[in-house]
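Here is a short report on the fold and the chain arrangement. Please keep the sequence and the 3D view at hand while reading.

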Number of protein chains: 2
Amino acid sequence: MRILIIGAAGMLGRRLTEQLLANGRLCGSQIASILAVDVVRPAFSSDAGPTLETATADITDANALRTLVARKPDVIFHLAAVVSGEAETAFDKGYAVNLDGTRHLLEAVRQVGEGYRPRLVFTSSIAVFGAPFPEKIDDTFQCAPLTSYGTQKAIGELLLADYTRKGFVDGVGIRLPTIVVRPGKPNKAASGFFSSIIREPLVGQEAILPVADTVRAWVASPTAAVGFLLHAANMDTGLLGDRRSLTMPGLSITVAEMIEALRRVAGPQVAGRITHQPDPEIAAIVAGWPRDFLATRAEAAGFRADADFDTIICDHIADEEARKAAS
Amino acid sequence: MRILIIGAAGMLGRRLTEQLLANGRLCGSQIASILAVDVVRPAFSSDAGPTLETATADITDANALRTLVARKPDVIFHLAAVVSGEAETAFDKGYAVNLDGTRHLLEAVRQVGEGYRPRLVFTSSIAVFGAPFPEKIDDTFQCAPLTSYGTQKAIGELLLADYTRKGFVDGVGIRLPTIVVRPGKPNKAASGFFSSIIREPLVGQEAILPVADTVRAWVASPTAAVGFLLHAANMDTGLLGDRRSLTMPGLSITVAEMIEALRRVAGPQVAGRITHQPDPEIAAIVAGWPRDFLATRAEAAGFRADADFDTIICDHIADEEARKAAS
């Protein structure tokens, strides 16, 4: 079992790599090698062992992908992306990475030929959906994105389905909910504040809420997201037919409910460190995002959401304590 | 009013060009020039007048599109495509023309800058939909194509919407029904037999029906299709919001009903010239195609379907007689 992880320096890529190293197995087989790549070399603890190799690669370069894929990994996780906020301002870069990069990967796999048909797990996003939408979005609702990022992810899903249908890859696209609580520093995603309003108050810092607390979101924890990635690699894709992308299960929750959970878990003083400071640009992007789903197909295929938001916060606190203890 | 027609040598491109020449006006303005381009130079009658210019251009060449768009046409009709049957067998060519070609066009428009924002009418197709689908497909149903052609058209729609949202073009995508009766010789479209079974018997030739006569299709005449193109150029796109592609109205009709209409219009002898000769490959492609719609948005926006199939056949007969008289 050889694994390639593209985008391994990102928050989910790192966690996925560490989880795979800890598990030692995937799809019922022992992991022989993990090649973890990103535009910057992914850093892991020095005792990761001989199965892990790290490398740099720019997915806007078709040749770089041909080199990576020439090793014929059995499973490829494609997590590399320019995030929503950046793709909206850096139009060319967003298309180059999110569209051309994904296409280069699919083409690199196809060009190997000789019956090579790896499992390809593609991280899509609920940003493929755009307003107006029904109260709950079901599995047959159209992808009508309202951001360039969402557009690029929707195109990636279409390419993944077509390359799968033609027998070049065995693709699974997973539409990730908004990931909360992201550890570390904010990234350029317009959804960053959903994490900031939990993460910063917990370490004694003030946090800015750029939207009204009535805003509702579809969220999943980093732990749940890594679970989705692993399940997408392990699952029987025969269940999917020709529709290879699935909306992942999540929690539908308002900002006010998130803050209430923070108050329950960490007390009113912590929850009091959030200041409402409206940002019309972020509010406009978020207003077009979907907020509630019937993730029927994904649940039937065995993908599981977090239990509740209190648990998400407690898991984040435990993760941070473990990280501090390790460093 | 300057007009650019890409794909002007095709059946619809020719008719559109001729109709524009006959009308002399578009969007309430006099037509100053029509540039009609295709991979082969489009041929029109010598008395077309000084407004018409023809040229060759390969849309897989980004430079060729930059040259065409540098003239800043007010309205661009983009009809150029590798058809469904060919895109399925010539994988690279399909993506090069149908995806890259469309993207090159959008990029060429964007690169002009200086507030240039032409109306861009993009011919999409109901092949963006794939089985399974409901009895009638409404305007919110997902694009889940089952052919590379449908995939490429769905991607074109996504790009058109994003470039429109960003203010680079004023796009309208029209999802054409299966066009029946196509004049002339069969092309490589898998849907070609829908026209052959009417066209060939009417001129005394045998026709092959490669699918069961219970197969249902969503059809429109060439005349209706040209009407859609002109209306898409003329319409108030403010009605569309961010969802820039519309399923065009059509007739939902079975092959048996088409043959019955042929019998009514031309007699049993003509209708008897059709032989059922199953072709599993064509049957498989057609089985994945949608067959009935609620084209609510398009109808509300003023797009109009044909009256009935008998009229479609009569129009075809009249067209052919006019063509013979002219030649």
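## Strand pairing and symmetry

S6(B) and S7(B) pair in the parallel sense over 4 bridges. This is a predicted model. One bridge between these two strands can be named: B:Ile76 has B:Leu120 as its partner in S7(B).

S6(B) also has a neighbour in strand S1 (residues 2-6) of chain B. The parallel pairing of S1 with strand S6 (residues 75-78) of chain B runs over 4 bridges. Here B:Ile5 is matched with B:Phe77 in S6(B), and B:Ile6 with B:His78 in S6(B).

What covers the faces of S6(B), and which residues lie on each side? Both faces are covered. B:Val75 and B:Phe77 are buried on one side. B:Ile76 and B:His78 are buried on the other. In a regular strand, side chains alternate between the two faces of the sheet.

The named bridge partners are set out below.

| Residue | Bridge partner | Strand of partner |
|---|---|---|
| B:Ile5 | B:Phe77 | S6(B) |
| B:Ile6 | B:His78 | S6(B) |
| B:Ile76 | B:Leu120 | S7(B) |
| B:Thr178 | B:Val219 | S11(B) |

**The seven-stranded sheet.** These strands belong to an open sheet of 7 strands in chain B, with parallel pairing. The order is S5-S4-S1-S6-S7-S8-S12. Strand S5 (52-56) and strand S12 (245-247) of chain B are the edges, and each pairs on one side only. From one strand to the next, the twist averages 20°. Helix H5 (residues 148-165) of chain B lies across strand S7 (119-125), strand S8 (170-176) and S12 of chain B. H5 runs at about 155° to S7(B).

**The three-stranded sheet.** Chain B has an open sheet of 3 strands with the order S9-S11-S13. Its pairing is mixed. The edge strands are strand S9 (178-179) and strand S13 (251-254) of chain B, each pairing on one side only. S9(B) pairs with strand S11 (residues 216-220) of chain B in the parallel sense, over 2 bridges. Within that pairing, B:Thr178 has B:Val219 as its bridge partner in S11(B). Helix H8 (residues 255-266) of chain B lies across S11 and S13 of chain B. The angle of H8 to S13(B) is about 90°.

**Core.** The largest nonpolar core has 147 residues. Which residues have the most contacts inside it? They are A:Phe309, B:Phe194 and B:Phe309. Leaving aside neighbours within four places in sequence, B:Phe194 is in contact with B:Thr178, B:Val180, B:Val215, B:Ala217, B:Val255, B:Met258, B:Val286 and B:Trp289. B:Thr178 thus appears both as a contact of B:Phe194 and as the bridge partner of B:Val219.

**Cysteines.** The structure holds 0 disulfides over all chains. A:Cys27 has a relative accessibility of 32%, so this residue counts as partly exposed. A:Cys314 is also partly exposed, with a relative accessible area of 39%.

**The two chains.** How are the copies related? Chain A can be laid on chain B with an RMSD of 0.0 Å. The operation is a turn of 180° with a shift of 0.0 Å along the axis. The two copies are therefore related as by a two-fold rotation axis. In chain A, A:Gln142 has the C-alpha nearest the axis, 1.8 Å from it. Both copies use the same surface: 100% of the contact residues of chain A recur in chain B.

Conventions:
Residues numbered from 1 in each chain as written. Chains lettered and ligands numbered in written order. Predicted model: local features only at pLDDT ≥ 70, side-chain atom pairs only at ≥ 80, totals over all residues. Heavy atoms only, no water. Least-squares fit on C-alpha atoms with pLDDT ≥ 70 in both. Contact = heavy atoms within 4.5 Å. Disulfide = S-S within 2.5 Å. Buried < 20%, exposed > 50% of the residue type's maximum accessible area, 1.4 Å probe, protein only. Core = buried A, V, L, I, M, F, W, Y, C linked by side-chain atoms within 4.5 Å. Pairing = 2+ DSSP bridges. Axes fitted to C-alpha atoms, helices over the stretch in contact; angles between N-to-C directions.
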